[in-house]
Amino acid sequence: MPNRSVLNTLSSPFQKYMRQIALICMMAMALLNSCIERYHPDDLYLKDGLLVISAHITDEIGSQHIEISRSSHPELPSFNPELGCAVLFLREDGESREFVASEQPGYYTADLDSSFLRSGLSFQVQVQTQDGNEYHSDYDRIWPVPAIDSIYYKVEDMIFTGDDKPIPGIRFYIDFTHDNEGYEYLRWELTETYEFHNPKMEAWVYYNRWTRRSLEGEDNSRICYITNVIPTSQSISTRDLSYGPFSKSFDFVPNDWNEQKLLFKYSLLVRQYSIGQEGFHYWNEIGASRQGQGTMFDKQPALLQSNIKNIVDEDEKVLGFFTMSGVQEIRGFAEEIPGLDNTPNPYYCLPVDQGPGSGSPTYYPSYFARATYDGATVYAKVNHHCVDCREYKGSSAIKPDYW
């Protein structure tokens with residue numbers, strides 16, 4: 001049994017979490033008692049089998065892909081690849097490249113070179129499906145994109161809703177120079193990667209009542225590298241910007257004990273795109289939809305107008321969009337950040353004795369761990385991710401090349 005000091009240490013964060021849960025419950029009850037407008041999407045968008053063409057081509061040299069599929073009902077989402085398509089990528093002067101089916105169903109790829117991807121020229125995607133229908137996109141051109149001069153972070157504080165005290169963390173910035181009237185609209189895609197550590201402890205898995213196996217080595221991964229796309233909308237119109245240096249700030253990254261994002265090493269990959277007006281509005285809607293998925297406060301989903309049409313039957317509803325863009329990218333790192341507490345949470349994921357019977361599995365497979373802390377040795381059930389950090393979304397035990 002852990003001593004009383006361990007349980008007292010664990011109870012303080014639990015009380016904080018319970019207060020937060022209570023607050024969320026009260027907000028939910030208030031919302032349920034208020035007037036809620038039910039969302040009724042266009043029946044057409046609820047149909048299965050609508051053609052979806054997602055073609056976002058950049059000026060990057062090398063392999064690029066176009067994704068073609070059929071829609072599924074929102075209540076039963078799935079990816080339904082469209083096979084056997086003929087896909088042509090056409091330049092306004094008549095030059096073209098063929099996208100061919102890849103090993104991944106629904107994805108069509110082509111190797112594009114600099115002689116073909118000429119800035120300032122317009123391009124079109126043409127798709128012919130197995131049933132003989134032909135679809136053309138509107139023309140779009142490669143837009144010039146400013147070079148990114150630098151990336152850096154600043155240590156900042158932020159007060160979140162429900163917290164009284166400011167939370168320390170960092171915010172990344174990039175600098176570039178606005179010196180070309182061709183930079184009409186810019187957007188950014190952000191991808192974070194950070195090093196994550198599980199506690200050192202012996203671990204086992206129970207497959208059934210009679211079979212138990214020790215977890216060692218790769219089966220008990222302690223150090224992982226977690227990569228996630230940050231689902232926020234980051235875009236601007238440059239029309240109101242003055243020529244000269246410009247700094248762009250991104251999302252605040254809190255120094256959270258359990259997330260460990262800033263505890264060991266953190267990296268942010270920034271991809272900067274230059275796009276046209278239609279693409280700007282499209283990506284803004286996509287970003288707004290991604291930004292708040294999964295809560296009762298989400299905005300109603302946008303029914304986006306596609307710029308791809310059936311050339312014979314323009315009344316056929318087609319989903320997806322075609323854009324061209326110039327792109328620049330840069331990666332920044334944060335490690336041993338001055339002014340931030342990088343002390344690991346000593347009780348993160350450690351097994352806790354829950355009393356009689358807690359030392360036996362109640363379902364299978366079950367994961368158990370043994371750890372000694374504050375002078376007491378505890379053997380108890382833990383979550384799978386506590387003994388294998390690869391269980392976290394976007395996680396891998398393989399160190400990235402850029403680490």
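Visitor: In this predicted model, which residue forms a salt bridge with Glu-82?

Guide: The closest N and O atoms of the pair in question are 3.0 Å apart. Glu-82 lies in the loop between strand S3 (80-81) and strand S4 (86-91), and its partner lies in strand S2, so the pair ties together parts that are 12 residues apart in sequence. The partner of Glu-82 is Arg-70.

Visitor: Is Glu-82 buried or exposed?

Guide: The cut-off for a buried residue is a relative accessible area under 20%. Glu-82 has a relative accessible area of 11%, and its partner Arg-70 has 19%. Because Glu-82 falls under that cut-off, Glu-82 is buried.

Visitor: How many salt bridges does a search of the whole structure find?

Guide: The pair of Glu-82 and Arg-70 is one of them, and the pair of Asp-93 and Arg-91 is another, with its closest N and O atoms 2.9 Å apart. A search of the whole structure gives a total of 12.

Visitor: Which residue does Glu-60 meet in a salt bridge?

Guide: The N to O distance between the two side chains is 2.8 Å. Glu-60 lies in the loop between strand S1 (51-58) and strand S2 (62-70), while its partner lies in strand S18 (residues 265-275), so the pair ties together parts that are 211 residues apart in sequence. Glu-60 is partly exposed at 30% relative accessible area, whereas the partner counts as buried at 15%. That partner is Arg-271.

Visitor: What is the relative accessibility of Arg-91?

Guide: Arg-91 forms a salt bridge with Asp-93. Asp-93 counts as partly exposed at 45% relative accessibility. Arg-91, by contrast, counts as buried, with a relative accessibility of 5%.

Visitor: Which residue do shared salt-bridge partners join with Glu-60 and Arg-271 into one network?

Guide: Glu-60 and Arg-271 are themselves linked by a salt bridge. Salt bridges that share partners extend this pair into one network, and the further member is Glu-329.

Visitor: Which strands stand at the edges of the open sheet of four strands?

Guide: The order in this sheet is S14-S13-S21-S22, with antiparallel pairing. Each edge strand has a single partner strand, so one side of each is left without a neighbour in the sheet. Neighbouring strands of the sheet are turned by 25 degrees against each other on average, direction ignored. The edge strands are S14 (212-215) and S22.

Visitor: Which residue of S22 does Ala-369 stand opposite?

Guide: Strands S21 (residues 366-373) and S22 (residues 376-382) run antiparallel and are joined by seven bridges. The hairpin they form has two residues between the strands, and Asp-374 takes a positive phi near 55 degrees there. Across the pairing, Ala-369 faces Ala-380.

Visitor: Which residue of S14 stands opposite Trp-204?

Guide: Strand S13 (residues 202-206) pairs with S14 in the antiparallel sense over four bridges. In this pairing, the residue opposite Trp-204 is Ser-214.

Visitor: What distance separates the C-alpha atoms of Tyr-139 and Gln-124?

Guide: Tyr-139 is placed in the loop between strand S8 (134-137) and strand S9 (140-141), and is partly exposed with a relative accessible area of 42%. Leaving aside neighbours within four places in sequence, Tyr-139 is in contact with residues including Leu-90, Phe-123 and Gln-124. Tyr-139 and Gln-124 are 15 residues apart along the chain, yet the separation of their C-alpha atoms is 4.8 Å.

Technical notes:
Residues are numbered from 1 along each chain as its sequence is written. This is a predicted model: local features need pLDDT of at least 70, side-chain atom pairs count only at pLDDT 80 or more; totals for chains, interfaces and linings use all residues. Side-chain values use heavy atoms; hydrogens and water are left out. Two strands pair if DSSP finds at least two bridges between them. Axes are lines fitted to C-alpha atoms, for helices over the stretch in contact, and angles run from 0 to 180 degrees between N-to-C directions. Buried means under 20% relative accessible area, exposed over 50%, partly exposed in between (1.4 Å probe, protein chains only). Contact means heavy atoms within 4.5 Å. A salt bridge is a side-chain nitrogen of Lys or Arg within 4 Å of a carboxyl oxygen of Asp or Glu.
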